[in-house]
Amino acid sequence: MTTLWAEFATVALVHLLAVASPGPDFAVMMRQALTQSRRNALLSATGVGLGILVHVTYSLLGIGLLIQQSLTLFTLLKVIGALYLTWIAIQCLRSRAGGVHIETQGIRAQTGLAAFRLGFLTNALNPKATLFFVSLFSVVISPATPVGVQVGYGLYMAVMTGLWFAGVALFFTLPQVRRAFGRFGHWLDRLMGGVLLLLAGRLLFSTLSGDAPRSAE
């Protein structure tokens with residue numbers, strides 16, 4: 001039991017460091033919080049949290065190890081992830097002055113399903129998350145750990161990820177925070193687009209350079 005608690009503490013610490021590090025999830029959530037209603041931002045945060053379960057599921061089924069060892073599969077995953085990030089980046093880069101506002105009504109308003117889907121796919125198609133979970137389940141979590149406990153780890157990480165980004169959503173949807181970004185909101189939107197485009201470029205570059213997936217050491 002003591003060993004399991006120590007393992008859980010390690011999993012919790014590693015996950016905290018990973019979820020707090022800047023990446024596609026944070027960039028997308030920040031944009032959602034500044035340009036969408038609080039409800040939609042929270043739905044995106046929920047989507048990001050549930051996206052974690054995709055990585056947990058294939059890791060538990062052993063598919064994560066297959067992805068880790070197959071250059072073709074991992075390359076395909078990186079290309080799909082890069083293309084999706086590029087698509088989001090283009091939407092950000094097209095932002096115009098006065099175009100960043102809360103879209104709560106009208107034909108351009110983002111639906112709740114679209115907000116949830118954006119968060120879910122951003123995380124589920126993130127190769128960085130794939131590498132993290134493959135490494136976590138092959139290095140940090142012992143093969144002797146009961147499957148039920150491993151599922152518990154996965155649920156914990158999904159819930160904590162959702163709560164973290166819900167906090168991001170709540171902070172950036174505060175009226176005073178939005179007012180602070182109001183005058184240069186479209187430049188921030190473009191900055192987020194540039195960040196996502198750079199992340200997509202790094203993914204494609206690593207694919208073209210032939211970097212193979214590998215476990216954390």
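Reader: What counts as a helix here?
Author: Helices are DSSP runs of H or I with at least four residues, numbered from the N terminus. This is a predicted model, in which local features need pLDDT of at least 70 and side-chain atom pairs count only at pLDDT 80 or more, while totals for chains, interfaces and linings use all residues. Residues are numbered from 1 along each chain as its sequence is written, and side-chain values use heavy atoms, with hydrogens and water left out.

Reader: OK, so how do helix 3 and helix 7 cross?
Author: The axes of helix 3 (residues 38–60) and helix 7 (residues 127–140), which are lines fitted to C-alpha atoms over the stretch in contact, come within 10 Å and cross at roughly 40°, on a scale from 0 to 180 degrees between N-to-C directions. Helix 3 is therefore oblique to helix 7, a word for angles that are not under 35, over 145 or from 65 to 115 degrees.

Reader: Which residues make that contact?
Author: Helix 3 brings Ile 52, His 55, Val 56, Tyr 58, Ser 59 and Leu 60, and helix 7 brings Ala 129, Thr 130, Phe 133, Val 134 and Phe 137, where contact means heavy atoms within 4.5 Å.

Reader: And which residues of helix 7 are buried?
Author: They are Pro 127, Ala 129, Thr 130, Phe 132, Phe 133, Val 134, Ser 135, Leu 136 and Phe 137, buried being under 20% relative accessible area with a 1.4 Å probe and protein chains only.

Reader: Switching topic, at what angle do helix 2 and helix 8 pack?
Author: Helix 2 (residues 24–35) and helix 8 (residues 147–172) pack at about 35°, and their axes are 8 Å apart.

Reader: Who touches whom there, and which residues are they?
Author: Asp 25, Phe 26, Met 29, Met 30, Ala 33 and Leu 34 of helix 2 meet Phe 165, Val 168, Ala 169 and Phe 172 of helix 8.

Terms used. Helices (H or I, at least four residues) and strands (E, at least two) are DSSP runs, numbered from the N terminus. Buried means under 20% relative accessible area, exposed over 50%, partly exposed in between (1.4 Å probe, protein chains only).
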